[in-house]
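Dear colleague,

Please find below the structure that I am handing over to you. I would be grateful if you read the notes that follow with the structure open beside them.

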Amino acid sequence: MKVTIRESAEDDLDRICAWIAKDDPRAATDMVSRIRDRIGLLEANNLAHMGRPGLVTGTRELIEFPYIIVYTVDDDRREVTVVSIVHGAQDREQE
């Protein structure tokens with residue numbers, strides 16, 4: 001599967017990194033690396049659907065605690081698109 005990360009999700013990663021880096025720059029780098037590694041697993045055909053069904057119809061969610069990676073899978077195009085990355089404690093009812 002081809003994995004694409006939307007610009008908005010890249011912005012989410014930048015915000016996550018900046019927030020954590022205020023207290024611990026190394027922890028910020030490590031967290032972003034862990035999230036990117038988790039996203040990388042979606043490249044394997046048999047792992048593209050490994051996340052749970054998302055709150056929004058048609059999405060899936062993959063956990064890299066405490067963050068949730070929201071993505072879609074297009075099997076016909078063999079493409080995974082990362083839509084957003086949110087903190088698990090964030091209120092997402094309005095999405």
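Which residue takes a positive phi in the hairpin of strand 4 and strand 5? The residue is Arg78, with a phi near 55 degrees, in a hairpin that has four residues between the strands. Please bear in mind that this is a predicted model.

Arg78 has this positive phi although it is not a glycine. Its place is in the loop between strand 4 and strand 5. Arg78 counts as partly exposed because its relative accessibility is 43%, and partly exposed covers the range between under 20% (buried) and over 50% (exposed).

The two strands on either side of that loop may be taken next. Strand 4 and strand 5, the latter formed by residues 79-87, pair in the antiparallel sense over eight bridges. As an example of residues that face each other here, Tyr67 stands opposite His87 in strand 5.

Strand 4 also has a partner in strand 3. Strand 3 (residues 60-64) and strand 4 (residues 67-74) run antiparallel and are joined by five bridges. Within this pairing, Ile63 has Ile68 of strand 4 as its bridge partner. The hairpin that joins strand 3 to strand 4 passes through two residues. Pro66 has its place in the loop between these strands, and the peptide bond that leads from Phe65 to Pro66 is cis, with omega near 5 degrees.

With these hairpins in mind, the whole sheet can be described. It is an open sheet of five strands in the order 1-5-4-3-2, and its pairing is mixed. Strand 1 (2-5) and strand 2 (52-53) are the edge strands, each of which pairs on one side only. Helix 1, made of residues 7-21, packs on the sheet and touches strand 1, strand 4 and strand 5. The direction of helix 1 makes about 35 degrees with that of strand 5.

A further helix remains to be mentioned. Across which strands does helix 2 lie? Helix 2 (residues 25-40) lies across strand 1, strand 3, strand 4 and strand 5. With respect to strand 3, helix 2 runs at about 140 degrees.

When you examine the model, I would suggest beginning with the loop that holds Arg78 and then turning to the loop that holds Pro66.

Yours sincerely,
A colleague

Terms used: Residues numbered from 1 in each chain as written. Predicted model: local features only at pLDDT ≥ 70, side-chain atom pairs only at ≥ 80, totals over all residues. Heavy atoms only, no water. Pairing = 2+ DSSP bridges. Contact = heavy atoms within 4.5 Å. Axes fitted to C-alpha atoms, helices over the stretch in contact; angles between N-to-C directions. Buried < 20%, exposed > 50% of the residue type's maximum accessible area, 1.4 Å probe, protein only.
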